[in-house]
Amino acid sequence: MTEFLRKISYPLARLSLFIVFFWFGALKLIGYSPANELVRSLLGKLLPFVAFDMFVIALGIYEMLIGICFLIPKWERVGIALLLPHMASTAMPLIFM
């Protein structure tokens, strides 16, 4: 039983990361993200010259791309490389707001 759980834990972890990032990216694309207002206020303070609608679409696609990278075997390193700037920008509201 332990060997079976060890064998499936890595693919299930990758699948869960895919679901989370793809889902939140898709919510941004269709305009139902709970973080939209936070993104709008942060974008207004840091990059007032960037249009909110285009930024949210780009951010949603970026998050979906991170999720896809975690789903595809051997692309985890690319996903992690994309994840690092995303996590840094996710922490920005704590600093700037």
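Contact means heavy atoms within 4.5 Å. This is a predicted model, in which local features need pLDDT of at least 70, side-chain atom pairs count only at pLDDT 80 or more, and totals for chains, interfaces and linings use all residues. Residues are numbered from 1 along each chain as its sequence is written, and side-chain values use heavy atoms, with hydrogens and water left out.

**View 1. The protein chain has 5 helices and 0 strands.** Helices (H or I, at least four residues) and strands (E, at least two) are DSSP runs, numbered from the N terminus. The order of elements from the N terminus is α-α-α-α-α. The C-alpha trace spans about 55 × 25 × 20 Å along its principal axes. The radius of gyration of the protein chain is 16 Å, while a compact globule of 97 residues would have one near 13 Å. That radius is taken over C-alpha atoms, and the globule rule is 2.2 Å times the number of residues to the power 0.38. Among contacts with a separation of 6 or more, 60% join residues 24 or more positions apart.

**View 2. Helix H3 has buried residues that other helices help to cover.** Buried means under 20% relative accessible area, exposed over 50%, and partly exposed in between (1.4 Å probe, protein chains only). Buried residues of H3 include Phe-52, Val-56, Leu-59, Gly-60 and Phe-70. Their cover includes H1, helix H2 (36–46) and helix H4 (76–90). The end C-alpha atoms of H3 are 29 Å apart, which agrees with the 28 Å that its 20 residues should span at 1.5 Å a residue. The expected span is 1.5 Å times one less than the number of residues.

**View 3. Glu-63 sits in helix H3.** Glu-63 counts as buried because its relative accessible area is 6%. Beyond its neighbours within four places in sequence, Glu-63 touches Phe-21, Phe-22, Phe-24, Gly-25, Lys-28 and His-86.

**View 4. A nonpolar patch of about 960 Å² lies on the surface.** Its residues include Leu-12, Leu-15, Trp-23, Ile-68 and Trp-75. Helix H1 (2–30) and helix H3 (52–71) each give two or more residues to the patch. H1 gives the most, with 6 residues. Patch residues have over 30% relative accessible area and no salt bridge; like charges are joined within 9 Å, nonpolar side chains (Val, Leu, Ile, Met, Phe, Trp, Tyr) within 5 Å. A salt bridge is a side-chain nitrogen of Lys or Arg within 4 Å of a carboxyl oxygen of Asp or Glu. Accessible areas come from the Shrake-Rupley method with a 1.4 Å probe; for residues, only the protein chains shown count as cover.

**View 5. Leu-15 lies in helix H1.** Leu-15 is partly exposed because its relative accessibility is 36%.
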